[in-house]
Amino acid sequence: MPYLPDGGYDAEAGESRGHLLDLYLPHSAMVRGGATLPVFIDIHGGGFTYGYKELNRNFNMHLAALGFAVFSLNYRPAPQTDLRGQLADVQNALAWIRDHADGWPISPHNIFLTGDSAGGALAWYTLLIERNPDAAQAFGIASPSGLPIAGAALVSGVFDLTERPDVPSARTQLEQTVGREFFDGLDGAMPLAPFSAAAQTALPPLYLLTSSDDFIQAETLGLATALACAGRDFELHDVKVAPTETLGHVFSVCMSWLPESQRALQQIHDFAYRNCR
């Protein structure tokens, strides 16, 4: 479904694949009706530069099978737009969901975000936009969606995008990949630093997932530290991988059939249901 008027697959006609979303619903919810089904809004990863919602189809189907409605979002990849443009796409999708939610048997109160890798970053910054007017202003969002986001499950995200010229950082690696212009207008912005963002924002409960062989494990551990120092409500799941095995990056999304992934999906289910109202 298009969440902006230009959403579609015909690029020659000016349509943007980045402005589409999918909805996954348990069949039983369609039969029963009502408006009680908890919702996950999922933002796919891809290094901010590639990938579409179809990457997360298996993950989304597993969440739906566990009793959730799942909106799966596209956004424009770089270099089609920059970080602020991607966050604006997410905001437009959230506003569309807000305005159309009464068309499906879903709860308007129990809405959660999830995202993996770059999508985890976009989910994290979306929380800041929704909960902190200074963050919304820094990212150029005049009117956040106002959706009552009850929590978020962030899988192996990139959370610290501050400039750190003295040491290797995610920001440096991204600039080498997508160019410095991806961060236009954001130098020195509070939302890019997890410690200040966590301290200055009234955040909902968070579920954090990574593994010991994830190449950006430190990003999740850094966010957990920032949340702990700020006294925020979160739970950290850092899966220890045996020397003879491997899970790698975003295993719960890319390899949802693994026992470790099944446990993570159940944890996400339990986390969300604990925070429903």
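Reader: What makes Asp-214 a buried residue without a salt bridge?

Author: In this predicted model, Asp-214 is buried, a term that requires under 20% relative accessible area. A salt bridge would need a side-chain nitrogen of Lys or Arg within 4 Å of a carboxyl oxygen. The nearest side chain of opposite charge, Lys-240, is 14 Å away, and Asp-214 therefore has no salt bridge.

Reader: Why is the pairing of Asp-214 with His-249 called a polar contact, and why is His-249 not counted as the opposite charge?

Author: The two side chains approach to 2.9 Å, and the cut-off for such a pair of N or O atoms is within 3.5 Å, so the term applies. His is not counted among the positive residues, so this contact does not enter the search for an opposite charge.

Reader: Where in the chain does Asp-214 lie, and which residues does Asp-214 touch?

Author: Asp-214 belongs to the loop that joins strand 6 (206–211) to helix 8 (217–230). Leaving aside residues up to four places away in sequence, Asp-214 touches Ser-156, Gly-248, His-249 and Val-250.

Reader: How many helices and strands does the chain contain, and why is the chain called as compact as a globular protein of that length?

Author: The chain has ten helices and seven strands. Its radius of gyration is 18 Å, and the globule rule gives 19 Å for 277 residues; the two values are close, so the description holds.

Reader: What share of the residues counts as buried, and what share of the contacts joins residues far apart in sequence?

Author: Of the 277 residues, 55% are buried. Among contacts with a separation of 6 or more, 76% link residues 24 or more positions apart.

Definitions and conventions. Residues numbered from 1 in each chain as written. Predicted model: local features only at pLDDT ≥ 70, side-chain atom pairs only at ≥ 80, totals over all residues. Heavy atoms only, no water. Helix = DSSP H or I, 4+ residues; strand = E, 2+ residues; numbered from the N terminus. Buried < 20%, exposed > 50% of the residue type's maximum accessible area, 1.4 Å probe, protein only. Polar contact = N/O pair within 3.5 Å; in protein donor to acceptor, adjacent residues only side chain to side chain. Contact = heavy atoms within 4.5 Å. Rg over C-alpha atoms; globule rule 2.2 N^0.38 Å.
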